[in-house]
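Please look over the structure below. A short report on selected local features follows.

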Amino acid sequence: MNPGDRVRVERAEQTFEGVLLPSSTVSNLVVKLDGGYNVGVDRDDADVAVLESDVYDIEEGETSDSSVVEFDPELPMISLISTGGTIASTVDYRTGAVTARFDAKDVLRAVPDLAGRANYRGRVVANILSENMTTDVWQDLARAVYDEIENGADGVVVMHGTDTMQFTASALSFMLDTPVPIVFTGSQRSADRPSSDNVMNAVCAVEAAKSDCAEVLVCMHENESDDNCALHRGTRVRKNHTSRRDAFQTIGSKPLGRVDYDTEEVTFRRKYNERGAQELALSADLESEVELLKFTPGMGVEALDLADGKAGLVLEGTGLGHVHSDWADRISELVDGGTTVVMTSQCIEGRVCDRVYDTGRDLLDAGIVEGEDMLPGTAKVKLMWSLANSDDPATTMQESVAGEISKRSVPWE
C-alpha cells in the first residue's frame, strides 16, 4: 500500500475508510476520511485492506529545511513572526493532539495563498501553545517586532495561539509605538480540519499588515462564514467563545475595521493611528508582580492575601466596581504597603464608577484606582507596564495610552 491508495483500516471495534496519506513516522498510519478529517492509527494495532490503488496522486513534499521566497521589488515587505499556536501547528498522530511545530517558513509552505501578496521574511520568537505564554516571551516578541520594523518591515504579522492572544496584543500595544501595522492572527481550528480558519485568517492578516492603520490589531473571522475578517484594536478585544471561528469580539463597540476575503479590501469605521504618524519606540520593561483577582459572592477577605508584597493588583469587581464591604480595610492596608490596586468590572460592557454606592465610596477612600472601562485582562497588562514605565502609575491607569479606555461608554460607536 502507498500514499494515495483508498484503504479500510480496522482497529479493535472501529473501522475507518479513506485515502492513505504520508506519515511522519513509520509506526503510524494517517488516513484522510471522506468527511475531510484526518485520523492517525497505530500500525501494529490495525488491519489494513487496500480497496483501490492510486486513487489520488499524493506528493511526499519537500524535505528541505528552508524555503525560498522570490523577492518582488513592487511588493511590500511583511515580517511573519511565529510564537506557536494552532495556526502554526500540526497533528501529532502518535497522541492525536494538536502540537505547535511549524516555524514561520512552514507557514508560508502551509498557506500558499500568501504568495504574491507581499515579500516575506520570518522569524521564530517562541514555539509554544499560548497557555504557556509568559511575560518574558512578551518582551522577546516586542523586541523582535521592533527589530523587524527598524530593519524596514512595512508591516508585521504575529502568529499566536488564540487562548491568550488578547493579553499579548495588549502588551505590545503598550510596549511599542509603531509606524506600521502589527497584526495578530491565529486559528481556532487546526489545518487538518475541513472547517479550518487558518488560511483565511492568515491572508486577511497580511492584507491588514499592508494597510494604513499603524496600530496593534487582532485579525480573526468576523462571523461563521468565510467572507470577512474583523480587525479588533489590541486593547479592546476579548475571546468570547471556546471554539467558534468568530470567537473574538471588540467590547463596547463594533470592530475597528474589516478585511473582505474575496475583494481583499481593507476598511475602517473609526479613526486610527495612520501609517508613519508616529516614530518607532520600545518600552519593554514590565513589572511581573501584578495579580488579577475576580471577586465572587462569599469570597473571604483572605483572598486578598494573594497580593501581599505585590506591586499591583487588579480587582474584577461586580457591577460598577464593587467587592464585599468588609474588604475595604484590607485593601487600604495593601495600598499603604505600596500595592497599586485597580478596580475593573466583571460586566462585559460599561465602566467602573465607585461614587454611586457607599461600598464604592469606601473603596475610593481605601485608595483603589478606578479602571474606567478597561477590560480586566487589559488592565492587568497595562498595570504591569505602567508600574515599570510611569512615575505616576495610578494616573497613567486612568489615561488612555493605546485606545484601551473609551471617552464615554456608548455601545456600537
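Which residue of β18 does G257 stand opposite? G257 faces F268 in that strand. The model is predicted.

## The β17-β18 hairpin

Strand β17 covers residues 257-260. Strand β18 covers residues 266-268. The two pair in the antiparallel sense, over 3 bridges. Together they make a hairpin, with 5 residues between the strands. E264 sits in the turn and has a positive phi of about 65°.

β17 has two faces. G257 and V259 are on the covered face. R258 and D260 are on the uncovered one.

## β14, a further partner of β17

Strand β14 (residues 228-233) also pairs with β17. This pairing is antiparallel and has 4 bridges. Here L231 in β14 stands opposite G257. G257 therefore appears in both pairings: it stands opposite L231, and it stands opposite F268 in β18.Strands of a sheet pair through backbone hydrogen bonds, either parallel or antiparallel.

## The five-strand sheet

Another set of 5 strands forms an open sheet. Its order is β4-β3-β2-β1-β5, and the pairing is antiparallel. β4 (38-42) and β5 stand at the edges. Each has a single partner strand, so one side of each lacks a neighbour in the sheet. From one strand to the next, the twist averages 45°.

Strand β1 (residues 6-11) is joined to β5 by 5 bridges. The two strands run antiparallel. Within this pairing, E10 has D47 of β5 as its bridge partner.

## V50 and a nonpolar surface patch

V50 lies in strand β5, which spans residues 47-52. Is V50 buried, partly exposed or exposed? Its relative accessibility is 40%, so V50 counts as partly exposed. The cut-offs behind this are under 20% for buried and over 50% for exposed.

V50 also belongs to a nonpolar patch on the surface. The other members are M1 and V48. Together the three residues have about 220 Å² of accessible area.

## S173 in helix α3

S173 is found in helix α3, residues 165-175. Its relative accessible area is 11%, so S173 is buried.

Which residues does S173 contact, leaving aside its neighbours within four places in sequence? They are V216, G234, T235 and A402.

Definitions and conventions. Residues numbered from 1 in each chain as written. Predicted model: local features only at pLDDT ≥ 70, side-chain atom pairs only at ≥ 80, totals over all residues. Heavy atoms only, no water. Patch = residues over 30% accessible without salt bridge, like charges linked within 9 Å, V, L, I, M, F, W, Y side chains within 5 Å. Areas by Shrake-Rupley, 256 points an atom, 1.4 Å probe, with all protein chains shown as cover. Salt bridge = Lys/Arg side-chain N within 4 Å of Asp/Glu carboxyl O. Buried < 20%, exposed > 50% of the residue type's maximum accessible area, 1.4 Å probe, protein only. Contact = heavy atoms within 4.5 Å. Pairing = 2+ DSSP bridges. Axes fitted to C-alpha atoms, helices over the stretch in contact; angles between N-to-C directions.
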